[in-house]
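Here's a quick tour to read with the model open in your viewer. Take a look at it first, then work down the bullets.

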Amino acid sequence: MGTNSNLKLDLKSITNIAKKTQGQATALELLNTYSITGNSTELRKQMLDDIFVLPDIALLGQWTTIYAAPNTGKTLLTLWLLKKNLLSNNLDGDFVFYVNADDNFKGIVEKTELAEQWGFHMIAPNHKGFNTSQITELMVDLAETGEARGVIIILDTLKKFTDLMHKRDSSEFGIISRSFISAGGTLICLAHTNKHKNAEGKSIYSGTSDIRDDSDCAFIIDKVEGGLFQDEAAVEFVNDKARGDVADKISFSYSKKQGQSYADLVNSVKRLDGQKIGKLKSDAEFKRKLDEDQNLISAVGKSIKAGITSKAAIVKNVSEETGVAQRKIRESLINRTGEMYDLGHRWTVKIGAHNKSEYVMLDPFVLSDEINN
Amino acid sequence: MRKLSYVPGLDTEFCEGGNSYKFSRIDYDPLSDECIARYRRLKLFENTSGLVEEARIPSFRHCEIFEKITYGYDHSSSWWLLLDNIKIPFFMIEPYGEYRFDIDGLKYHEVPNNIAPYGGVSIAREGKIRVPDTTAYLFVKTAHYRHLLDVMARLEARAKLEPYFNSVTAKDRRNAKKRVRVEKGLIVFGGYNGD
């Protein structure tokens with residue numbers, strides 16, 4: 001060992017000796033003090049049972065973030081799920097604090113009335129001296145004083161409490177939230193998704209990945225198009241990240257009518273079973289494909305009307321007219337050939353003179369009459 | 001407002017045993033008509049409301065209620081409504097006279113006077129009276145109001161079937177003697193008389 005190394009060692013020893021004489025702990029002693037090994041019995045006693053705050057979605061003692069586009073129903077569904085647990089006495093509403101920072105005055109009043117009816121705390125900015133910037137301070141205090149245990153905070157919406165686009169802010173919020181969770185608190189954050197969807201047409205979370213990464217559990221809510229009555233909407237919660245026994249997918253419907261109260265809207269929420277949501281999704285996919293093929297269908301229709309009825313001639317003509325690849329036109333011709341208009345068929349093949357196959361457009365009204373007869 | 005009765009994170013909850021309602025307000029003279037009627041009402045209150053007494057102190061969740069009550073604070077008792085997975089704190093005070101409370105964060109209802117356990121009568125009015133001089137107020141935190149309404153519905157319905165507050169029958173007296181015999185050694189006669 002060189003002279004420099006020896007000097008450094010001497011210095012370190014001197015630092016430790018100085019700390020000892022002043023009654024301070026050395027770094028190694030501090031590490032030993034922080035060790036929780038040997039405290040597992042005590043910690044297990046404090047451990048929260050696997051109780052759902054929001055059935056199948058959010059567990060007690062975890063940080064769950066629910067992402068959805070505006071007007072998808074994230075507040076509505078969160079409140080409905082909360083109501084179920086409160087009214088079945090699975091949850092003590094005195095520990096539930098819903099921070100409603102994303103509402104107008106009427107909305108605040110309506111939701112506070114529900115809070116009084118079901119029994120939980122509603123907090124709103126600029127009411128009774130509350131300010132959104134206080135929430136992180138309160139979470140730190142709750143964690144430090146040991147009062148966090150059992151406390152459930154729901155933040156609606158998260159962007160009112162931290163800047164989701166700013167990495168440092170999100171990361172700091174993550175550190176505070178984790179200390180609150182480690183002390184036995186529960187955090188549920190409602191956040192927005194991006195305007196743009198991913199390649200599969202699914203919503204993606206908005207902002208940096210820090211919040212999603214730091215959360216124990218993340219769900220993304222997407223609207224499911226089609227199939228229901230005109231004023232009904234269907235949505236699906238898809239799990240994006242899990243720590244615990246939460247659902248992979250869970251679906252709901254609700255009915256939005258003009259002039260209805262918020263309480264009526266909440267009462268209209270229903271949980272959808274897998275079969276029903278499967279049917280809705282296939283209907284939506286059917287509609288999407290039909291919309292996608294609409295230009296091609298009208299081009300084929302024009303060709304047939306103009307007397308171009310053989311497969312090869314239709315493919316050639318439509319390709320020239322629309323610029324769509326012949327392979328794709330051939331695929332569509334096959335996929336939309338049949339007798340059932342409702343199944344997406346738009347033409348049928350008949351054997352004409354000299355045993356030639358001829359394409360004929362389907363008439364939806366004539367065909368339904370024929371089927372009925 | 002009174003000083004906080006505990007410091008979160010510093011004090012230990014339930015570190016003292018405390019005295020039960022029965023010990024404090026009945027056992028000092030268990031064979032007197034006043035205490036026989038009070039025992040009958042206490043049991044009626046417990047059985048009808050479904051509430052279970054909390055005698056241990058400090059109970060932090062009850063502290064949150066009573067530290068907000070700044071007057072009419074007499075003959076207090078702490079109670080739990082035990083539900084499947086949760087327990088709801090209730091706090092009762094039974095002062096002489098009548099009060100009105102408007103306390104932010106708390107809700108209360110009056111317990112029917114023929115079920116309210118204490119049923120105190122001022123010395124000047126002792127005799128054959130049908131209404132006590134004390135009033136029992138049952139408090140909960142606002143978030144628990146629907147539970148208070150449930151309890152009150154049960155108490156109100158039962159009150160219609162019960163006699164006036166200080167009714168004592170010969171059967172009640174016989175039962176009191178039997179009970180005291182069974183509890184011999186557990187009762188401190190002539191001891192603590194209320195708070």
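Asp11(B) sits in the segment before H1 of chain B. It's partly exposed, because 13 other C-beta atoms lie within 10 Å, and a residue counts as buried only at 20 or more. Keep in mind that this is a predicted model.

**Asp11(B) and a distant partner**

- Asp11(B) and Ile103(B) are 92 residues apart in sequence.
- In space, the C-alpha atoms of Asp11(B) and Ile103(B) are 26 Å apart.

**Chain B as a whole**

- Chain B has 5 helices and 5 strands, and along the sequence they follow the pattern α-α-β-α-β-β-β-β-α-α.
- Of the 195 residues in chain B, 34% are buried.
- Take the contacts in chain B between residues at least 6 apart in sequence: 76% of them join residues at least 24 apart.

**Helix H2 of chain B**

- H2(B) covers residues 33–49, which makes 17 residues. At 1.5 Å a residue it should span 24 Å, and its end C-alpha atoms are indeed 24 Å apart, so the two figures agree.
- How many residues of H2(B) are buried? The count is 12 of the 17, so the helix is largely enclosed by the rest of the structure.
- Among the buried residues of H2(B) are Arg38(B), Arg40(B) and Arg41(B), and also Ile36(B), Tyr39(B), Leu42(B), Leu44(B) and Phe45(B).
- As a reminder, an α-helix has 3.6 residues a turn, so residues three or four places apart point the same way.
- What do the buried residues of H2(B) pack against? Their neighbours in chain B are helix H1 (21–25), strand E1 (51–54), helix H4 (145–159) and helix H5 (170–182).
- Just after H2(B) comes Gly50(B), which takes a positive phi of about 80°.

**The sheet in chain B**

- Chain B has an open sheet of 5 strands in the order E1-E2-E3-E5-E4, with antiparallel pairing.
- Which strands are at the edges? They're E1 and strand E4 (106–110) of chain B, and each pairs on one side only.
- From one strand to the next, the twist in this sheet averages 35°.

**Strand E5 of chain B and its two partners**

- E5(B) runs from 137 to 141 and is joined by 3 bridges to strand E3 (residues 87–93) of chain B, with the two running antiparallel.
- On the E3(B) side, Ile93(B) has Tyr137(B) of E5(B) as its bridge partner, while Met92(B) stands opposite Leu138(B).
- E5(B) also pairs with E4(B) in the antiparallel sense, over 5 bridges. There, His109(B) has Leu138(B) as its bridge partner.
- Is E5(B) enclosed or open? With 5 of its 5 residues buried, it's largely enclosed by the rest of the structure.
- In a regular strand the side chains alternate between the two faces of the sheet. In E5(B), Tyr137(B), Phe139(B) and Lys141(B) point one way and Leu138(B) and Val140(B) the other way. All of these are buried, the lysine included.

**Chain A: domains and sheet**

- The domain assignment splits chain A into domain 1 (3–35), domain 2 (47–272) and domain 3 (289–372).
- The C-alpha centres of domain 2 and domain 3 of chain A lie 49 Å apart.
- Chain A has an open sheet of 9 strands with mixed pairing, in the order E5-E4-E6-E7-E3-E8-E9-E10-E11.
- The edge strands in chain A are E5 (121–123) and E11 (270–272), each pairing on one side only. The twist in this sheet averages 25° from one strand to the next.
- Strand E4 (residues 96–100) of chain A pairs with E5(A) in the parallel sense over 3 bridges, and Phe97(A) has His121(A) in E5(A) as its bridge partner.
- Helix H10 (residues 274–305) of chain A packs on the sheet, touching E8 (217–224), E9 (232–241), E10 (249–255) and E11 of chain A. The direction of H10(A) makes about 55° with that of E8(A).

**Where the chains meet**

- 11 residues of chain B are in contact with 13 residues of chain A.
- On the chain B side of that contact, the residues divide into 5 nonpolar, 3 polar and 3 charged.

Notes: Residues numbered from 1 in each chain as written. Chains lettered and ligands numbered in written order. Predicted model: local features only at pLDDT ≥ 70, side-chain atom pairs only at ≥ 80, totals over all residues. Contact = placed C-beta atoms within 7 Å. Nonpolar A, V, L, I, M, F, W, Y, C, P; charged D, E, K, R; others polar. Domains from an automatic or database assignment. Pairing = 2+ DSSP bridges. Helix = DSSP H or I, 4+ residues; strand = E, 2+ residues; numbered from the N terminus. Axes fitted to C-alpha atoms, helices over the stretch in contact; angles between N-to-C directions. Expected span 1.5 Å × (residues − 1).
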